[in-house]
Amino acid sequence: MSDLGSEELEEEGENSLGEYEGERNEAGERHGHGRARLPNGDVYEGQYEFGQRNGQGVYKFKNGARYTGQYLKNKKHGQGTFIYPDGSRYEGEWADDQRHGYGVYYYVNNDTYTGEWFAHQRHGQGTYLYAETGSKYVGTWVHGQQVGAAELIHLNHRYQGKFLNKHPVGPGKYVFDIGCEQHGEYKLTDVERGDEEEEEETLANIIPKWKATQITDLALWTPTLPEKQPSSVGPGPDETLGEEGVPEMEEEVQALSDGFEGELDLRPGEEDTDAWELSSEIDQASTVVEEEEARQAELQD
């Protein structure tokens, strides 16, 4: 995701003094409170120290952008608010003229990012709220991208797992408000490409596809997503199966596994009525997941 047209305005006319009204020190340097109009039309009003912007000040750009906050040796440093020409806004910490530390970015489409920044980019732990859908990404960012352990929260369900290049990858699970979890894995698959496309574009054309494996009751989420350990409890003395019962049990397990893939044909009125109802609810929830992912992809593009 980008800043949606916002541009960072680095040059503030520091090489031209322009007109100045305000306090000076004994050496004649701008020192204390003052107001300067630069030759390029920008205006700064605030604190100076030894000829440089230092302390609290307001810098108004001729194109409508504005910074209100702290300066250190002519650079934005400390707490400050930058309003960009397109109307987007950043409120938070700055270091060496860059967004750095903790801050909130309000995008022009009403999306918001709240979290950590490093060298002008979203980096660390942060939350991105998608205004159009109400969904939000809560987790790790690396150099502006959604990478690492995170949770993607939707209206009536959420996905917990790991992300890479804005897409979920590897093992994870969907947690539904109806009271169950769908475990599975996002696997990378190639998208059909034309012969004229170059090989280096291969990674950009790989998208993850969800493969469900099982459905369980709700459980607490841990970022490490440990694999489910096999049960150590064996059958009781009265439950021991003979050799004749093994094939029959394997058939039941296979049928249940197929049911998780949406292929189990259960109907109300049979002995598995509850399982059918749960399967029906999961099918509906899975449809919601697909719709949410489609909308999410459009927003990220």
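## Reading cores and salt bridges in a predicted model

Trainee: Before we start, what kind of model is this?

Mentor: A predicted one, so local features are read only where pLDDT is at least 70, and side-chain atom pairs only at 80 or more.

Trainee: Fine. How many helices and strands does the secondary structure come to?

Mentor: Two helices and 16 strands. The protein has 301 residues, and 34% of them are buried. On the outside, about 18,400 Å² is exposed, with carbon and sulfur atoms supplying 49% of that area.

Trainee: And what share of the contacts with a separation of 6 or more comes from residues 24 or more positions apart?

Mentor: Those pairs account for 27%.

Trainee: Now the interior. Which residues touch the most other members of the largest nonpolar core?

Mentor: The idea is to take buried nonpolar residues and join them wherever side-chain atoms come within 4.5 Å. Here that gives a core of 31 residues, and F82, Y128 and Y137 have the most neighbours within it.

Trainee: Where does this core lie relative to domain 1 and domain 2?

Mentor: Between them, because both contribute residues: domain 1 covers 16-97, and domain 2 covers 109-191 + 205-219.

Trainee: On to charges. How should I think about salt bridges, and how many does a search of the whole structure find?

Mentor: Side chains of opposite charge can pair when their charged atoms come close. The search turns up six here. One of them joins K76 and D97, with 3.1 Å between the closest N and O atoms. K76 sits in strand β6 (residues 75-83), while D97 is in the loop between β7 (89-95) and β8 (98-106), so to speak a link between distant parts of the chain, 21 residues apart.

Trainee: Are K76 and D97 buried or exposed?

Mentor: The cut-off for buried is under 20% relative accessible area. K76 comes in at 0%, so K76 counts as buried. D97 is at 7%, so D97 is buried too.

Trainee: What about R89 and E91: how far apart are the closest N and O atoms?

Mentor: That salt bridge has them 2.7 Å apart. For accessibility, partly exposed means the range between 20% and 50%. R89 has a relative accessible area of 26%, which makes R89 partly exposed, and E91, at 31%, is partly exposed as well.

Trainee: Which residue forms a salt bridge with E151?

Mentor: R158, with the closest N and O atoms 3.0 Å apart. Check each end separately: E151 is buried at 10% relative accessibility, whereas R158 is partly exposed at 30%.

Technical notes
Residues numbered from 1 in each chain as written. Heavy atoms only, no water. Buried < 20%, exposed > 50% of the residue type's maximum accessible area, 1.4 Å probe, protein only. Domains from an automatic or database assignment. Salt bridge = Lys/Arg side-chain N within 4 Å of Asp/Glu carboxyl O. Helix = DSSP H or I, 4+ residues; strand = E, 2+ residues; numbered from the N terminus. Contact = heavy atoms within 4.5 Å. Areas by Shrake-Rupley, 256 points an atom, 1.4 Å probe, with all protein chains shown as cover.
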